[in-house]
Amino acid sequence: MVVSRTGPVVVVGVDGSPNADVALQWAEQYATDTGGSLRVVIAWEWPLSYGYPLSFDGFDPRADAVRVAEKAIAGLTLPPNRIEFETPEGSAGAVLVRASADADLLVVGMSGNRLVASLLIGSVSTHCVHHAQVPVVVVPPDRS
């Protein structure tokens, strides 16, 4: 699918969590308001045990990531020609920073659902804020 590049490119990290859903909604509204496009990104990694990848019959973390991304995209109202998704392997923070290298904005959700935890941003958000070469928006959890 060819993605429209008439406005800003907004990269948003998703992982299936409620906080990522709030970040996705924020990013979609921003893309809608600015005539931009969305690049929905979810990172995945093979689980390790003592440094070796674990293998389970029927377990495919990349396929799981694709399902999460497709579910997230299915709820969007932005025209399909302004949405794309990526499911690269790697740690979430590093993947999001790489995915945003040619973008105009990176959007991530804030981790933590408790009041004290919500005063801090998570390790992925912190990595993005410190390493991204584009502005980063850290969207707080929905408190409604």
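This tour moves from the whole chain to one strand, its neighbours and a pocket.

The model is predicted, so local features need pLDDT of at least 70 and side-chain atom pairs count only at pLDDT 80 or more, while totals for chains, interfaces and linings use all residues. Residues are numbered from 1 along each chain as its sequence is written, and side-chain values use heavy atoms, with hydrogens and water left out.

**The whole chain**

Display the entire protein as a cartoon. Five helices and seven strands are present; helices (H or I, at least four residues) and strands (E, at least two) are DSSP runs, numbered from the N terminus. The elements run β-α-β-β-β-α-β-α-β-α-α-β from the N terminus on. Of the 144 residues, 40% are buried, which means under 20% relative accessible area with a 1.4 Å probe, protein chains only. Switch to a surface view: the protein exposes about 8200 Å² by the Shrake-Rupley method with a 1.4 Å probe, and carbon and sulfur atoms supply 56% of that area.

**Strand β1**

Select residues 9-13, which form strand β1. Five of its five residues are buried, so β1 is largely enclosed by the rest of the structure. Show the residues in detail: Val9, Val11 and Gly13 point one way, whereas Val10 and Val12 point the other way.

**The neighbours of β1**

Add residues 37-41, strand β2, which runs parallel to β1 and is joined to it by five bridges; two strands pair if DSSP finds at least two bridges between them. One pair to pick out is Gly13 with its bridge partner in β2, Val41. Now select helix α1 (residues 18-34), through which the chain crosses from β1 to β2 in a right-handed β-α-β crossover. Right-handed means that, with the strands pointing away from the viewer, the path from the first strand over the helix to the second runs clockwise.

Next select residues 105-109, strand β6, which is also parallel to β1 and joined to it by three bridges. Here Val12 has Val107 as its bridge partner.

**The largest pocket**

Finally, select Val14, Asp15, Ala92, Leu96 and Val124, which lie nearest the centre of the largest pocket among its 24 lining residues. The space in this pocket is about 360 Å³. Add α1, α3 (92-99), β6 and α5 (123-131), each of which supplies at least two residues of the lining. Which element gives the most to the lining? It is α5, with three residues.

Notes
Buried < 20%, exposed > 50% of the residue type's maximum accessible area, 1.4 Å probe, protein only. 1 Å grid on protein atoms, 1.4 Å probe; cavity = no way out; pocket = protein on both sides within 12 Å on 5 of 7 lines; lining within 4 Å. Points joined across faces, edges and corners; volume = space filled by probe spheres on them.
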